[in-house]
Amino acid sequence: MKTCLVVDDSSVVRKIARRILEEMDFEITEAEDGEQALEACKGAMPDAVLLDWNMPVMDGYEFLGNLRRLPGGDVPKVVFCTTENGMDHISRALHAGANEYIMKPFDRDIVTAKFQEVGLVALPEQSSI
Amino acid sequence: MTPPDYEYLRKLLKDHSGLDLSADKQYLIESRLLPLSRKCGVPGIAELVQKMKGGSSTIIAQVVEAMTTNETFFFRDKVPFDHFRDTIMPEMLKARASRKSIRIWCAAGSTGQEPYSLAMSLKEMGAVLAGWRVEIIATDLSTEVLEKSKSGVYSQFEVQRGLPIQLLVKYFKQNGELWQVSPELRAMVQHRPLNLLHDFSQLGTFDIIFCRNVLIYFDQDTKINIFGRLAKAMEGDGFLVLGAAETVVGLTDVFKPFPDKRGLYRPSGARAASPLGATSIPKVAAMAGR
């Protein structure tokens, strides 16, 4: 089973993301800020990180920089999931090594599409409406 | 939108069209029905639902049509665009090496996601196309839909379905909550109103035709008729791309499936058997061209 670390300071967002990702067969761990997330990654690298930007203690951008410098830290696919919807933020995130970017609000279709984009979820056989 | 209104609409759509919306499609209903409620002169979806409950069959029909119009998104279904990049274009680059021009038709261009996806694919191919002239013609029945396509303006939801973030950054400009396709990409796509039931020979001859998720709305005779006319509008070594749930098999022999590439077809060289006129117009013709 693939693993996904959900990093967001909102417990509501973590809960929604967990539900969507569990339906996509991911095993979920949660972190409330970048520092907790970094500790989790030092313990075990997840296959994916769903990452908020604005959080106390350590924000998502700083976490990403630190993650990519860890041994094996280039492995996880990092998908930002944030209300920071400006082109400048998106460009900075990609430059820092993010693989995809979700602009909140999000729903199951967007999460699915983005995880397909980074190759963590297979494409559906048939198209649907 | 209140949960009871959402449930009412879900059930009604299921009963009237077979459309099965999951529990989190509120945004889809809002994006489709808010314009309709304005058109009907009511402030919002709640009032629209009131009218429907009051038994207004015209409103119900309009709601069903607005919702069943195929949702379209960038690089929809992925596979056809892989075929385009990995199979169709390499072959066309060889076959048209002396002419250096390729004509592409999006026969159900809708709100533009498909033609712009093709335009991005072409741009991403880079230098191999230097000196080539590639035309993309997008047609749709609805002028309203074509206007949206021409504007190239999409909501945040629309640009997050199927469009890799790198391509968003590269080919779009942000304007608040909206995203607009770059002028360079928009200049690659021409728009024309067209009903597939009518003669389309004036569009000329194409090397590649994308005709996805539109023929499903037609009855069998009409499909056969359209396939016959598509074959005539195509070079003998061209490519036809159909939707994932569509096929020519059992309907016509003017196209034959391309081996091992689902949804991809080529002209067989056979002539269409006595094509019908555009007389048998199906009931759902209003949805054609989306």
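User: In this predicted model, which residues of H1(A) and H5(A) meet?

Analyst: Happy to help. From H1(A) come Ile20(A), Leu21(A) and Glu23(A), and from H5(A) come Arg108(A), Val111(A) and Phe115(A). By class, the residues of this contact are four nonpolar, no polar and two charged.

User: Why is H1(A) called oblique to H5(A)?

Analyst: Helix H1 (residues 11-23) of chain A packs on H5(A) at an angle of about 55°, with the axes 10 Å apart. Angles under 35 degrees would count as roughly parallel, and 65 to 115 as roughly perpendicular. The value falls between those ranges, so H1(A) is oblique to H5(A). The crossing of the two helices is right-handed.

User: What makes H5(B) oblique to H6(B)?

Analyst: The same kind of reasoning works here. The axes of helix H5 (residues 79-95) of chain B and helix H6 (residues 113-125) of chain B come within 11 Å and cross at roughly 60°. Roughly perpendicular begins at 65 degrees and roughly parallel needs under 35, so H5(B) is oblique to H6(B).

User: Which residues make that contact of H5(B) and H6(B)?

Analyst: H5(B) brings Phe81(B), Phe84(B), Met89(B) and Leu93(B). H6(B) brings Glu114(B), Ser117(B), Leu118(B), Ser121(B), Leu122(B) and Met125(B). They divide into seven nonpolar, two polar and one charged. H5(B) passes H6(B) in a right-handed crossing.

User: How do you know that Glu117(A) forms a salt bridge with Lys78(B)?

Analyst: The closest N and O atoms of Glu117(A) and Lys78(B) are 3.2 Å apart. The cut-off is 4 Å between a side-chain nitrogen of Lys or Arg and a carboxyl oxygen of Asp or Glu, so the pair qualifies as a salt bridge. Across the interface of chain B and chain A, the rule finds three salt bridges.

User: How many residues does each chain give to the contact, and what area is buried between chain B and chain A?

Analyst: Chain B gives 32 residues and chain A gives 26. Together the chains bury about 2400 Å², with 54% of that on carbon and sulfur atoms.

User: What is noted about the phi of Val57(A)?

Analyst: Val57(A) has a positive phi of about 70°, although it is not a glycine. Most residues other than glycine have a negative phi. Val57(A) sits in the loop between strand E3 (48-51) and helix H3 (60-69) of chain A.

User: Is the peptide bond from Lys104(A) to Pro105(A) cis or trans?

Analyst: That bond is cis, with omega near 5°. Most peptide bonds are trans. Pro105(A) lies in the loop between strand E5 (100-103) and helix H5 (108-117) of chain A.

Note on methods:
Residues are numbered from 1 along each chain as its sequence is written. Chains are lettered from A and ligands numbered from 1 in the order in which they are written. This is a predicted model: local features need pLDDT of at least 70, side-chain atom pairs count only at pLDDT 80 or more; totals for chains, interfaces and linings use all residues. Side-chain values use heavy atoms; hydrogens and water are left out. Axes are lines fitted to C-alpha atoms, for helices over the stretch in contact, and angles run from 0 to 180 degrees between N-to-C directions. Helices (H or I, at least four residues) and strands (E, at least two) are DSSP runs, numbered from the N terminus. Angles under 35 degrees count as roughly parallel, over 145 as roughly antiparallel, 65 to 115 as roughly perpendicular and the rest as oblique. A crossing is left-handed if the near helix is turned anticlockwise from the far one by less than a right angle, and right-handed if clockwise. Contact means heavy atoms within 4.5 Å. Ala, Val, Leu, Ile, Met, Phe, Trp, Tyr, Cys and Pro count as nonpolar, Asp, Glu, Lys and Arg as charged, and the others, Gly among them, as polar. Buried area is the accessible area (1.4 Å probe) that two parts lose on being put together, summed over both.
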